[in-house]
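Notebook open, model loaded. I want to look up the annotated domain, any enclosed space, one helix and one strand residue.

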Amino acid sequence: MMTLRGAECPAGLLLAAGEGSRLGRPKALVELDGERLVDRGVRTLRDGGCSPVLVVAGAAQIEVIGAVVVPNPGWRTGMGSSLRAGLSALPPECPAVVVALVDQPLVTAAAVRRLVEAYERGARVAVATYDGRPRNPVLIAREHFAAAAEAAEGDAGARSFLRARPELVTAVPCADVAAPDDIDTPADLAAFTSRNLR
């Protein structure tokens, strides 16, 4: 299969604007194995075949090598505003985007690659699934950016759009190469810290 390059390649969008209220600090700046979660997320998207990679920031000022930082002044309203900010910042030649969350360090480049491959095979919306359950990351083709942005409210992100248009969604099993576990609390972080994630 031919790999997409340049303007044909899906972009990567990492949502990293939250303050981590239950964790007590912005998740983007948390380090695991000496690497910030934001850097890990950018690396995962790039290694998975996404270019360019954009990071939506809000609660914390973030500088990231290898990514474009998109400020979201409305980050307090929830993930929906971050998705809208990220989608609106994508370059016009971008044909699709893989959306990932900064607090899911077990999402791997292999999972991202599977979404990109599904896109190469014709999928217009693709969702990583784990034991049959749809989670993240999610790929959305350009023709659905506006609908996804319109549906993004509060903390729902792309969920409302995906539920409203199930006929568009291609499920991409990823449980053998990734996991959607997230870091929400200090206990979650302690559990991740005890693992070897590299």
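Before I lean on the record: UniProt positions are given in the numbering used here, and annotations may be inferred rather than shown by experiment. I also keep in mind that this is a predicted model.

**Entry 1: the domain.** I looked up what UniProt says. The unreviewed entry carries the annotation "domain: MobA-like NTP transferase", and it covers residues 12-165. I then checked the make-up of that stretch: over residues 12-165 the chain is 31% helix and 25% strand. The C-alpha atoms at its two ends sit 22 Å apart.

**Entry 2: the cavity.** How many cavities of 30 Å³ or more does the structure hold? I found one. For the largest cavity I noted a volume of about 100 Å³. I wrote down its lining: Leu14, Leu37, Arg40, Gly41, Thr44, Ala100, Leu101, Val102, Gln104, Pro105 and Val107. Two elements give two or more residues each to this lining, namely helix H1 (37-47) and strand S6 (96-101). Which of the elements gives the most? That is H1, with four residues. I sorted the lining by type and got seven nonpolar, three polar and one charged.

**Entry 3: helix H3.** Next I checked the length of H3, residues 109-120. Its twelve residues should span 16 Å at 1.5 Å a residue, and I get 16 Å between the end C-alpha atoms, so the two agree. Which residues of H3 are buried? My list is Ala109, Ala111, Val112, Leu115, Val116, Ala118 and Tyr119. A reminder to myself: an α-helix has 3.6 residues a turn, so residues three or four places apart point the same way. I also looked at what covers the buried residues of H3, and the cover includes H1, S6, strand S7 (125-130), strand S8 (133-141) and S9. H1 and S6 turn up here again, after their part in the cavity lining. Just after H3, I noted that Gly122 takes a positive phi of about 115°.

**Entry 4: Pro173.** Last, I went to strand S9 (residues 169-173), where Pro173 is found. Is Pro173 buried or exposed? Its relative accessible area is 55%, and exposed means over 50%, so I put Pro173 down as exposed. Leaving out residues up to four places away in sequence, Pro173 touches Arg114 and Thr129. Arg114 lies within the 109-120 range of H3, and Thr129 within the 125-130 range of S7. I also took one long distance: Pro173 and Val38 are 135 residues apart in sequence, and their C-alpha atoms are 24 Å apart in space.

How values were computed: Residues numbered from 1 in each chain as written. Predicted model: local features only at pLDDT ≥ 70, side-chain atom pairs only at ≥ 80, totals over all residues. Heavy atoms only, no water. Buried < 20%, exposed > 50% of the residue type's maximum accessible area, 1.4 Å probe, protein only. Contact = heavy atoms within 4.5 Å. 1 Å grid on protein atoms, 1.4 Å probe; cavity = no way out; pocket = protein on both sides within 12 Å on 5 of 7 lines; lining within 4 Å. Points joined across faces, edges and corners; volume = space filled by probe spheres on them. Nonpolar A, V, L, I, M, F, W, Y, C, P; charged D, E, K, R; others polar. Expected span 1.5 Å × (residues − 1).
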